[in-house]
Amino acid sequence: MHDENNDADILEDVAIETLGEEDIVEELEVELEVEEQEEQEEETVEVAAVVEEAGKLAPPSVDEVLELARELGCLIKEQTFHKVTAPMENRKAVYIAKTKRGVTRVDISGFEVNHPLVRQLTAEQAKDENLGKVRGQILVKNLDPGADVLSACRAAFEGLLTEVHGDKLVSRKDAE
């Protein structure tokens, strides 16, 4: 009867005698390095996927939101919050909380914005919360991860740039 395990042991013994201990140790070290490199590559791919997913879920930075406001033609004043206004006097403003992280809070003052991410406030609610003329808020902590905060901010900035003509809201450019 032929024993395959015995053949493997004999081949291993022959290899040890033929190669010598130093060669076997070197061969094992090379195999170990290859395995470690493959594991590291797999971890790198996994980390990259997590970072990419987190980037999709993270709210935009304050700088990104302010850049959007500038692109749309809004003015920005540094105060306790970043105060974003329209170039024309209309007593409307968007206040963006100053943070080093992503946007956490946006207050919409003097007008309403119809957007699913904007929490609407009545005059009474605003008074109860000491928010003055704020009629809407974007509170990122209350939103689902990955919510499109930038689109809500865009809607607020576009609201700043509108004027009432009759019963129509029109952009400042169209009003001129």
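In the predicted model, strands β5 and β6 pair in the antiparallel sense over two bridges. Strand β6 spans residues 134–139. Within this pair, Arg119 has Gln137 of β6 as its bridge partner. The two strands belong to an open sheet of six strands, ordered β1-β2-β3-β4-β6-β5. Pairing in this sheet is antiparallel. Its edges are β1 (75–78) and β5 (119–120), each of which pairs on one side only. In general, strands of a sheet pair through backbone hydrogen bonds, in a parallel or an antiparallel sense.

The β1 edge was examined next. Strands β1 and β2 pair over four bridges, again in the antiparallel sense. Glu78 has His82 of β2 as its bridge partner. The connection from β1 to β2 is a hairpin of three residues.

The sheet is set in a chain of 176 residues, of which 28% count as buried. Six helices and eight strands make up the secondary structure of the chain. From the N terminus, the elements follow the order α-α-α-β-β-β-β-β-α-β-α-β-β-α. Among contacts in the chain with a separation of 6 or more, 48% come from residues 24 or more positions apart.

Two helices lie across strands of the sheet. Helix α3, residues 62–71, lies across β1, β2 (82–85) and β3 (93–96). It runs at about 20° to β2. Helix α5, residues 149–160, lies across β2, β3, β4 and β6. Its direction is at about 150° to β3.

Individual strand residues fill in the picture. Leu75 is placed in strand β1. Its relative accessibility is 41%, so Leu75 counts as partly exposed. Beyond four places in sequence, Leu75 touches Lys83, Val84, Thr85, Ala86 and Pro87. Leu75 and Met88 are 13 residues apart in sequence, and their C-alpha atoms are 9.7 Å apart in space.

Thr85 is found in strand β2. With a relative accessible area of 10%, Thr85 is buried, because the cut-off for that class is under 20%. Apart from neighbours within four places in sequence, Thr85 is in contact with Cys74, Leu75, Lys92, Ala93 and Leu160.

Ser109 lies in strand β4, which covers residues 105–109. At 11% relative accessibility, Ser109 also counts as buried. With neighbours within four places in sequence left aside, the contacts of Ser109 are Arg91, Lys92, Ala93, Tyr95, Lys133 and Val134. Of these, Val134 falls within the residue range of β6, 134–139.

Open space in the model was also assessed. Empty space is revealed by rolling a probe the size of a water molecule over the atoms. The largest pocket holds about 290 Å³ of space. Its lining comprises 16 residues. Lys83, Thr85, Glu89, Arg91 and Lys92 lie nearest the centre of the pocket. Strands β1, β2 and β3 each supply at least two residues of this lining. By class, six lining residues are nonpolar, four are polar and six are charged.

Several residues link the pocket to the contacts described above. Thr85, one of the residues nearest the pocket centre, is in contact with Lys92. Lys83, also in that central group, is touched by Leu75. Arg91 and Lys92, likewise near the centre, are both contacts of Ser109 in β4.

Definitions and conventions:
Residues are numbered from 1 along each chain as its sequence is written. This is a predicted model: local features need pLDDT of at least 70, side-chain atom pairs count only at pLDDT 80 or more; totals for chains, interfaces and linings use all residues. Side-chain values use heavy atoms; hydrogens and water are left out. Buried means under 20% relative accessible area, exposed over 50%, partly exposed in between (1.4 Å probe, protein chains only). Contact means heavy atoms within 4.5 Å. Two strands pair if DSSP finds at least two bridges between them. Axes are lines fitted to C-alpha atoms, for helices over the stretch in contact, and angles run from 0 to 180 degrees between N-to-C directions. On a 1 Å grid over the protein atoms alone, a cavity is a set of points where a 1.4 Å probe fits but cannot get out, and a pocket is an open set with protein on both sides within 12 Å along at least five of seven lines; lining residues have an atom within 4 Å of a point. Grid points are joined across faces, edges and corners, and a volume is the space filled by probe spheres set on the points. Ala, Val, Leu, Ile, Met, Phe, Trp, Tyr, Cys and Pro count as nonpolar, Asp, Glu, Lys and Arg as charged, and the others, Gly among them, as polar.
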